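This report describes a protein model with a bound ligand. The ligand site is treated after the domains and the loops.

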Amino acid sequence: MNPTSVTLETLRQRTRAFINDEVIPREDASLAHDFVAQNRVIHALRQQAREAGVIGPGIPRELGGLGLSFRDRAVILEESGRSVLGPHALQAGPPDETNILMLDRLCTGTQRTRYLEPLAAGSATSCFAMTEPPPGAGSDPAMLQTRAVRRNGKWVIDGRKWFISGALGADFAIVMAQTESGPTMFIVDTDTPGYRTVRVIDALDGFISSHCELSFESCTVGDDAVLGQVGDGFAHAQLRLEPARLTHCMRFIGAARRALEIAERYVSGRESFGKPLGQHQNVQTLIADSHIDLYASRTMTFDVATRMDAGVSVKHESSMAKVFVSEAVGRVVDRAVQMTGAFGISGDSMLSVLYREVRPFRIFDGASEVHRSAIAQRVLKQYAQSPASSSGVFNIAKP
Ligand SMILES: Cc1cc2nc3c(=O)[nH]c(=O)nc-3n(C[C@H](O)[C@H](O)[C@H](O)COP(=O)(O)OP(=O)(O)OC[C@H]3O[C@@H](n4cnc5c(N)ncnc54)[C@H](O)[C@@H]3O)c2cc1C
């Protein structure tokens, strides 16, 4: 725990109370995809969160947040994730939270004042624009098509991005573009001529943060828009990718837990064949397997968080945690829907919303298949220098 005046457990209890008493009651199906209405609610909740002392768990203390370690953040973000409004109410939601971390490491003094400080204060919002429609960058970032070329001492950006979360209403975008010297990140104000929000993409998820398609047509910015070093865009992006992956795990564990809580309450009250649903052994299996999934998810997340706090490389472990947690939370929410029957797929509870929100986690921040491939390749690399014929694999003693 950081040198704040409260213990982690006190902060957890405060956050839980805030989510239960203030945030969950504001969940309303009519808020879904309604950017204006959401903004109004989120701003009001943030004010309350500030007063309750729970705002900005991951924002550095010098920027007005609680500056929690990753390990402590795991506990608080899980609580926030119990509501679809929770992470944003606490200013702990994507993409701003991880953009803050990256900007804090890379910003010049001027960029700090102009972008980072308003973002951390909650008076500005941002998005991170990397993915492109085919044939551009998706799972393979090397397929980057968006170009930034030098013209008259400026950078001229042309290209297309899609599935850019939080782009609707964002004040600035962090845009990955290819330059002669390699991939480079640019901070682009969204009112820059040539920057255009083409559409909000109709998606399975996105109750609170919709995804947009963006176009850049001769969108011209100065050298002061370069974030970090020209040509180092992919290396810089790593600063946000691992924290983003991990904080998504934290929040989605909370979402899955909420779904399970709803289901547990349901099976304790509803009856079939003369007894509460929860007394049927097959239902008990669904509950037990879900708790096992959550326990394993939490344990992996805590371990990666502890390593990150220690400054140890977590490339391998964060991949494994991301794959496991994204699939485990899907299983948990799916079982919760199953246990609640028709009610679970209706709009009468948040279950159907949670079901839709967790599904894309197996795709963004690296699809499961891509991570599995990277995990196996890293493992197999050590054998590349020693072919099986010379390593004793085939020297099995004959009977
Ligand atoms: C909800 C959501 C929010 C997002 N937010 C953002 C955002 O804010 N900013 C941003 O830049 N992007 C964002 N994205 C995009 C996300 O980063 C991409 O969806 C992701 O990188 C995968 O790229 P793709 O969708 O083009 O899939 P593709 O590259 O077309 O891959 C499709 C599928 O092919 C399989 N596949 C691909 N490569 C391999 C491989 N090597 N081995 C085996 N199988 C493989 C996987 O099953 C994969 O799901 C978001 C996506 C979603 C769903």
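Helices (H or I, at least four residues) and strands (E, at least two) are DSSP runs, numbered from the N terminus. The model is predicted: local features need pLDDT of at least 70, side-chain atom pairs count only at pLDDT 80 or more, and totals for chains, interfaces and linings use all residues. Residues are numbered from 1 along each chain as its sequence is written, and side-chain values use heavy atoms, with hydrogens and water left out.

**Loops**

P95 sits in the loop between α4 (86-89) and α5 (96-106). The bond joining P94 and P95 is a cis peptide bond, with omega about -5°. Q91 also has its place in the loop between α4 and α5; although Q91 is not a glycine, its phi is positive, at about 55°. A cis peptide bond also leads from P134 to P135, where omega is near 10°. P135 belongs to the loop between β1 and β2.

**Domains**

Domain bounds come from an automatic or database domain assignment. The protein is divided into domain 1 (8-93), domain 2 (126-231) and domain 3 (235-381). Taken over C-alpha atoms, the centres of domain 1 and domain 3 are separated by 20 Å. Counting contact as heavy atoms within 4.5 Å, 20 residues of domain 1 touch 22 residues of domain 3.

**The β2-β3 hairpin**

Two strands pair if DSSP finds at least two bridges between them. Strand β2 (residues 147-151) is joined to β3 by five bridges, and the two run antiparallel. R150 has W155 of β3 as its bridge partner. Two residues lie between the strands of this hairpin, in which N152 takes a positive phi near 50°.

**Ligand site**

A residue is near the ligand if one of its heavy atoms lies within 4 Å of it. There are 17 residues around the ligand, and F128, T131, S139, F163 and S165 come nearest. Three polar contacts (pairs of N or O atoms within 3.5 Å; within protein, one must be able to donate a hydrogen and the other to accept it, and residues adjacent in sequence count only if both atoms are side-chain atoms) are tabulated here.

| Residue | Protein atom | Ligand atom | Distance |
|---|---|---|---|
| S139 | side-chain N or O | oxygen | 2.8 Å |
| F163 | backbone N or O | nitrogen | 2.9 Å |
| S165 | side-chain N or O | nitrogen | 2.8 Å |

On its own the ligand has 970 Å² of accessible area (Shrake-Rupley method, 1.4 Å probe; for residues, only the protein chains shown count as cover), and the protein covers 62% of this area. Two or more residues of the shell come from each of β1 (126-129), β3 (154-165) and α12 (368-381). The most come from β3, which gives three residues.

By class, the shell holds ten nonpolar, five polar and two charged residues. Here Ala, Val, Leu, Ile, Met, Phe, Trp, Tyr, Cys and Pro count as nonpolar, Asp, Glu, Lys and Arg as charged, and the others, Gly among them, as polar. The ligand lies between domain 2 (126-231) and domain 3 (235-381), because both give residues to its shell.
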